[in-house]
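User: I'd like to go through this model and ask what stands behind the labels people put on it. Can you take me through the reasoning step by step?

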Amino acid sequence: MGHTCPWWFGCFLVNPIRRLAQRPSRILGPFVRPGMTVVEPGCGMGYFTLELARLVGPAGRVVAVDLQERMLAGLRSRAGASGLADRIETRLATPETLGISDLVGRVDLVLAFYVVHEIRDQSGFFAQVRDALTPDGTLLVVEPPLHVSGVAFEASLACAGNARLQVVSRPRIGANRAVVLVNPTA
Ligand SMILES: C[S@@+](CC[C@H](N)C(=O)[O-])C[C@H]1O[C@@H](n2cnc3c(N)ncnc32)[C@H](O)[C@@H]1O
């Protein structure tokens, strides 16, 4: 826990070859609707961000958050080339905060793909996510099966549970460890 993916690895993560194993439209389609507000912590250079922006459409918004400015710069460049820049806002996080306190109760979906294991204060992370979500808002967490053991994944889910996020399903996303949680209304 706590090792940050180096910026240069972000270039590999946006390689189109990744689509053979992880097609963003197929993974994200069931979770995203036009007009949604989506937050993506640990967006990297935006492998999933561009598809999120396509799916939320012109009335939607994607707030892409990363610890590293070089990742965000890579994402902005790719978003500009795809004509999606106006739907994507980039924010620089710190290890302590995602910087989304202005979005309390306004976020329909949070996508945390291959990032939770890098976060040192997972309890703080899940509390910030819960605060940002609308009642019944959704958090999709996907973690890599080799880096993240089953025990470590369940420990992360315990932190999410302490933040009062509820597990609703464990979708199959390749060989990854994946879970859908909601911010319960009551
Ligand atoms: C393995 S990369 C995954 C990138 C992207 N989600 C993907 O699947 O291609 C993890 C990313 O999370 C970012 N990250 C790590 N800790 C973070 C934190 N506390 N807040 C925001 N981003 C963080 C890293 O800088 C890196 O860009």
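**Reasons behind the labels**

Analyst: Let's start with Tyr114, which is buried, as 20 other C-beta atoms lie within 10 Å. Keep in mind that this is a predicted model.

User: What makes 20 enough for Tyr114 to be called buried?

Analyst: The cut-off is 20 or more other C-beta atoms within 10 Å. Tyr114 has 20, so it counts as buried. Tyr114 sits in the loop between β4 and α5, and its phi is positive, about 60 degrees, although it is not a glycine.

User: Where does Asp136 lie, and is it buried or exposed?

Analyst: Asp136 is in strand β5. It has 10 other C-beta atoms within 10 Å, and 12 or fewer means exposed, so Asp136 is exposed. Asp136 also has a positive phi, about 75 degrees, although it is not a glycine.

User: How do you know whether Met45 is buried or exposed?

Analyst: Count again: Met45 has 26 other C-beta atoms within 10 Å. The threshold is 20 or more, so Met45 is buried. Its place is in the loop between β1 and α3.

User: Which residues does Met45 touch?

Analyst: Leaving out residues up to four places away in sequence, Met45 touches Gly10, Cys11, Leu13, Val14, Met71, Gly74, Leu75 and Arg78. As for Leu109, 64 residues apart from Met45 along the chain, the two C-alpha atoms are separated by 19 Å.

User: Why is α3 described as largely enclosed by the rest of the structure?

Analyst: Seven of its eight residues are buried, so that description follows. The buried ones are Thr49, Leu50, Glu51, Leu52, Ala53, Leu55 and Val56. They pack against α2, β1, β2, α4, β3 and β4. After α3 comes Gly57, with a positive phi near 70 degrees.

User: Which residues of α5 are buried, and what do they pack against?

Analyst: In α5, residues 122-132, the buried ones are Gln122, Phe125, Phe126, Gln128, Val129, Arg130 and Ala132. The buried residues of α5 pack against β1, β4, β5 and α6.

User: Why are α5 and α6 called oblique to each other?

Analyst: Two packed helices are described by the angle between their axes and the distance between the axes. Here the axes of α5 and α6 come within 8 Å and cross at roughly 45 degrees. Under 35 degrees would count as roughly parallel, and roughly perpendicular runs from 65 to 115. Roughly 45 degrees falls in neither range, nor is it over 145, so α5 and α6 are oblique.

User: What is the handedness of the crossing of α5 and α6, and which residues meet there?

Analyst: α5 passes α6 in a right-handed crossing. From α5, Gln122, Ser123 and Phe126 meet Ser156, Cys159, Ala160 and Asn162 in α6. By class, the residues of that contact are three nonpolar, four polar and no charged.

User: Last one: what makes up the shell around the ligand?

Analyst: There are 22 residues around the ligand, and the closest are Cys5, Leu13, Gly42, Gly44 and Ala93. By class, the shell has 15 nonpolar, five polar and two charged residues. Cys counts as nonpolar, while Gly counts as polar. Elements that each supply at least two residues of the shell include α1 and β2.

Key:
Residues are numbered from 1 along each chain as its sequence is written. This is a predicted model: local features need pLDDT of at least 70, side-chain atom pairs count only at pLDDT 80 or more; totals for chains, interfaces and linings use all residues. Helices (H or I, at least four residues) and strands (E, at least two) are DSSP runs, numbered from the N terminus. Two residues are in contact if their C-beta atoms, placed from the backbone, lie within 7 Å. A residue is near a molecule or strand if its C-beta atom, placed from the backbone, lies within 6 Å of it. Axes are lines fitted to C-alpha atoms, for helices over the stretch in contact, and angles run from 0 to 180 degrees between N-to-C directions. A crossing is left-handed if the near helix is turned anticlockwise from the far one by less than a right angle, and right-handed if clockwise.
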